[in-house]
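This briefing covers a sheet and the helices that pack around it. The points are grouped by topic.

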Amino acid sequence: MRVLGIDPGSRKLGIGIIDNGSFLNSTVINLKDTDFQKRLLELSKKFSEVLEEFEPHVAFLESTIYYKNVKTAIQLGAIRGVVLLELAKRDIPTLELSPTKIKGAITGNGQAKKSQVAYMVKILLNIPDETMMDENATDALACALAGLRSMR
């Protein structure tokens, strides 16, 4: 089973893909345009390409956390909307996981630091230490792993 993990952000979207419990790919979609509508369009195109290339069977999306900045929260909601729409177009079942649940599933501690999560992701997926990964991609892989574990 091919599992997609997604770490949404207003400027970067982390993507992690696990196939039959093994690391397949991870990437980050950088949203560079200053015009927000153009960023949404860019996200739609690039995320659609990822979905077409890897054809995941299920997706896990990190749920939104509390934001003090209302503008950031609204933008993140729009980004999540684009992601959910692209997944729905392909009839890919999608579940949301809280950051606490993801951290707990990966490290045993729902309050773990990002570095602890990254360390465990590399161990669990047999990714060499020297492999440099963007933290958004690592978070997406953690989301995919946590989702896979929740399915079992």
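A residue counts as buried when its relative accessible area is under 20%, and as exposed when that area is over 50%. By that cut-off, 6 of the 8 residues of β2 are buried, so the strand is mostly covered. The model is a predicted one. Its sheet is open and has 5 strands, in the order β3-β2-β1-β4-β5.

**The sheet**

- Pairing within the 5-strand sheet is mixed.
- β3 and β5 are the edge strands, each of them pairing on one side only.
- Direction ignored, neighbouring strands of the sheet are turned against each other by 20° on average.
- Strands of a sheet pair through backbone hydrogen bonds, in either the parallel or the antiparallel sense.

**Strand pairs**

- β1 (2–7) and β2 (12–19) are antiparallel and pair over 6 bridges.
- In this pair, V3 stands opposite I18 of β2.
- A hairpin is formed by β1 and β2, with 4 residues between the two strands.
- β2 also runs antiparallel to β3 (residues 22–30), to which 8 bridges join it.
- Here I17 stands opposite N25 of β3.
- β2 and β3 make a hairpin with 2 residues between them, and N20 in its turn has a positive phi of about 50°.
- β4 and β5 run parallel and are joined by 4 bridges.
- A59 stands opposite T94 in β5.

**Helix α1 on the sheet**

- α1 packs on the sheet and touches β1, β2 and β3.
- The direction of α1 makes about 165° with that of β3.

**Helix α2 (residues 70–89)**

- The 20 residues of α2 should span 28 Å at 1.5 Å a residue, and the 29 Å between its end C-alpha atoms agrees with this.
- Q75, L76, I79, R80, V82, V83, E86 and L87 are the buried residues of α2.
- These buried residues cover an arc of only 150° around the axis, which puts them on the same side of α2.
- An α-helix has 3.6 residues a turn, so residues three or four places apart point the same way.
- Packed against the buried residues of α2 are β1, β2, α1 (36–54), β4 and β5.
- On the face turned away from the buried side of α2 are the exposed residues V70, K71, I74, A88 and K89.
- The N-terminal end of α2 is capped by N69, which places a side-chain oxygen 2.9 Å from the backbone nitrogen of K71.
- D91, just after α2, takes a positive phi of about 55°.

**Helix α3 (residues 99–107)**

- In α3 the buried residues are P99, I102 and I106.
- Seen down the axis of α3, they fall within an arc of 65° and therefore line one face of the helix.
- The cover over the buried residues of α3 includes the strands β4 (58–62) and β5 (94–97).
- That cover also includes the helices α4 (114–124) and α5 (135–151).
- G108 follows just after α3 and takes a positive phi of about 85°.

Note on methods
Residues are numbered from 1 along each chain as its sequence is written. This is a predicted model: local features need pLDDT of at least 70, side-chain atom pairs count only at pLDDT 80 or more; totals for chains, interfaces and linings use all residues. Side-chain values use heavy atoms; hydrogens and water are left out. Buried means under 20% relative accessible area, exposed over 50%, partly exposed in between (1.4 Å probe, protein chains only). The arc is that of the directions from the helix axis to the C-beta atoms. Contact means heavy atoms within 4.5 Å. The expected span of a helix is 1.5 Å times one less than its number of residues. A polar contact is a pair of N or O atoms within 3.5 Å; within protein, one must be able to donate a hydrogen and the other to accept it, and residues adjacent in sequence count only if both atoms are side-chain atoms. Two strands pair if DSSP finds at least two bridges between them. Axes are lines fitted to C-alpha atoms, for helices over the stretch in contact, and angles run from 0 to 180 degrees between N-to-C directions.
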